[in-house]
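I am opening a fresh page for a structure that is new to me. Come along while I look things up one by one.

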Amino acid sequence: MANGRPPGDGSDRSSGRPRSRSANQEGLAALGRQVGGASDTQSVANESGLRSLGARIDASSAKSKSRVRRSGKPKWSAGKKVVVALLGLIVLLAAIVGGGYAYLWYRYDQINKVHISAEEAVQNGGPFTILVIGSDSRVGITGQGVQAFGSSSVVTGQRSDVLQLWRVTPATKQIQIVSIPRDTVVSMLPPDSSQYGTYNRINSAYNTGANQLVKTVTANLGVPINHVVQVDFAGFQNAVDALGGIYLDFPYPAKDAYSSLDITTPGCQLVGGFQALAVARARHYEYYTNGYWHYDGTSDFGRIQRQDVFIKAMMSAAKSKVNPLTVNAFLGSVNQGIQIDDGFGFNELIGLALTYHSFDPTALGGLTLPTVSANGFGSLGDVLTVDQPAAQQMLVNVFGSSLVTPTNPPPDAAGNPNPPPTVTTTTAPPVTPGSPTTAPPSQTNTAPATAPPSFDPTTCSPA
């Protein structure tokens with residue numbers, strides 16, 4: 001009797017509980033009895049109209065009740081539910097993107113940075129050049145790598161095993177790579193000139209550091225550098241392993257005793273970080289066919305071709321394995337053996353990733369700086385000198401008006417400074433995917449713009 005009514009009294013039913021008889025029907029019946037003092041059995045004036053009115057009221061009442069929850073709060077219409085659901089999705093996506101942005105920033109902050117005072121600022125949205133350096137530093141190498149390549153205490157210092165100029169044009173989503181052979185003789189800059197002489201191989205300039213190499217490239221070739229990426233042995237292996245390896249198709253068994261390459265069976269196969277590094281470093285490449293081992297005598301030029309194949313295979317692996325676990329493993333490996341210049345901002349990197357996320361690796365243009373053989377540089381032995389005017393023509397075609405006048409031009413085969421001639425931009429010849437573009441074979445010892453040798457590995461996809 002908390003409500004003042006005895007137990008079982010019908011009046012204590014909840015107002016929200018449906019009644020057995022409509023309240024409007026009862027009201028209409030009472031109204032009918034009152035009209036004209038008629039009895040229940042007598043006809044009531046306008047009875048049909050009153051019943052129709054009651055039915056409409058009941059229908060309206062039922063509709064109103066359907067919009068009310070048992071809690072007494074109004075229910076949401078379908079349109080309102082859709083709007084709220086969309087808002088919720090937007091908030092969720094914002095949270096994911098925000099969290100992803102924060103995570104990527106965390107990973108970016110872990111990447112080792114190097115200050116390059118000699119680099120040029122990138123014009124907003126314009127083409128730019130990245131100097132990509134493959135260092136032979138043994139720092140960070142462990143396990144099988146130490147046995148094959150030696151530890152950092154045995155092989156000290158660093159030299160540029162790979163030296164590439166990546167010309168990136170975001171507006172057209174193009175990337176062109178110009179590889180500079182490591183044995184190319186250039187003019188040394190102070191303080192290197194006092195240690196290595198007036199002329200020496202370009203890779204020796206890296207022993208002083210990336211900034212010195214940037215200055216040497218610009219002073220000799222007139223190519224301004226906007227960014228720098230350095231990858232050593234450990235970083236190379238870790239990046240490949242983080243992607244789960246790369247797929248390469250070897251037409252024949254292959255080996256290189258100097259780089260520890262050892263491919264025992266031909267065909268498309270998964271190559272891990274250790275063997276991938278061996279492929280990219282192979283200058284004494286051999287392949288087995290017709291019952292004996294054949295030697296590839298192209299040395300650094302053959303290696304450059306195989307490096308182009310490796311880059312495309314790695315890009316294909318990265319595009320095919322975009323999942324949270326792989327991305328996390330790859331980003332986690334970047335801080336081990338990989339450095340970028342401290343001017344390579346986070347937002348710039350994210351922008352490039354968004355611009356080139358659908359880039360086709362087969363469209364990557366691989367070129368090699370034209371050179372000629374020389375041996376008139378004393379203790380340097382067999383080296384290469386820049387072949388003019390073919391070299392300058394290539395540089396103008398790739399880098400255009402961004403080129404500057406070299407302050408310390410490289411020497412010719414006779415050891416004399418060889419300033420670049422004045423050339424104009426020409427239409428570059430067609431490039432076969434995977435092959436370097438060079439001057440005509442009669443002018444240079446670099447390979448012509450033809451298909452890669454039949455014995456070199458190519459990119460492939462697992463069956």
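**Entry 1: a serine in a loop.** I began with S299, which I found in the loop between β13 (292-295) and α9 (300-320). The model is a predicted one, and I read its backbone angles with that in mind. Phi of S299 is near 55 degrees, a positive value, although the residue is not glycine. Is S299 buried, partly exposed or exposed? S299 has a relative accessible area of 25%, and because buried means under 20% and exposed over 50%, S299 counts as partly exposed.

**Entry 2: a lysine with a positive phi.** I then turned to K173, where phi is near 55 degrees, a positive value in a residue other than glycine. I located K173 in the loop between β3 (160-169) and β4 (174-179). Its relative accessibility is 44%, so I noted K173 as partly exposed.

**Entry 3: cis peptide bonds.** Next I checked omega angles. P190 and P191 are joined by a cis peptide bond, with omega about 0 degrees. I placed P191 in the loop between β5 (185-187) and α5 (192-196). I also wrote down the bond from Q388 to P389, which is cis with omega near 10 degrees. P389 has its place in the loop between β17 (383-386) and α12 (390-399).

**Entry 4: the disulfide.** How many disulfides does the structure hold? I found one. C268 is joined to C460, with a distance of 2.1 Å from S to S. This pair links distant parts of the chain: C268 is in strand β11 (residues 267-271), C460 is in the segment after β18 (458-459), and the two are 192 residues apart. I noted the link of C268 and C460 as right-handed, with 90 degrees about the S-S bond. I also looked up the cover on C268: its relative accessibility is 37%, so C268 counts as partly exposed.

**Entry 5: strand β8 and its partners.** I followed the side chains along β8 (residues 246-250) and saw them alternate. I246, L248 and F250 point to one face and are buried, while Y247 and D249 point to the other and are not. Which strands does β8 pair with? Five bridges join β8 to β11, and these strands run antiparallel. Within that pairing, I246 stands opposite V271 of β11. Two bridges join β8 to β18, also antiparallel. There I found T458 in β18 as the bridge partner of D249.

**Entry 6: rings and charges.** I searched the whole structure for aromatic pairs and came away with nine. Ring pairs link Y252, Y285, Y287 and F455 into a cluster. I then looked for lysines over rings. K113 lies over the face of Y108, at 4.2 Å from the ring centre. K255 lies over the face of W293, at 4.4 Å from the ring centre.

**Entry 7: stepping back.** I closed with the whole protein, where I counted 12 helices and 18 strands. Of its 463 residues, 42% count as buried. I noted an accessible surface of about 23900 Å², with 56% of it belonging to carbon and sulfur atoms. What share of the contacts with a separation of 6 or more comes from residues 24 or more positions apart? I wrote down 70%.

Key. Residues are numbered from 1 along each chain as its sequence is written. This is a predicted model: local features need pLDDT of at least 70, side-chain atom pairs count only at pLDDT 80 or more; totals for chains, interfaces and linings use all residues. Side-chain values use heavy atoms; hydrogens and water are left out. Rings of Phe, Tyr and Trp (its six-membered ring) pair if their centres lie within 6.5 Å; planes under 30 degrees apart count as stacked, over 60 as edge-to-face and the rest as tilted. A charge sits over a ring if NZ of Lys or CZ of Arg is within 6 Å of the ring centre and within 35 degrees of the ring normal. A disulfide is a pair of cysteine sulfur atoms within 2.5 Å. Helices (H or I, at least four residues) and strands (E, at least two) are DSSP runs, numbered from the N terminus. Buried means under 20% relative accessible area, exposed over 50%, partly exposed in between (1.4 Å probe, protein chains only). Two strands pair if DSSP finds at least two bridges between them. Contact means heavy atoms within 4.5 Å. Accessible areas come from the Shrake-Rupley method with a 1.4 Å probe; for residues, only the protein chains shown count as cover.
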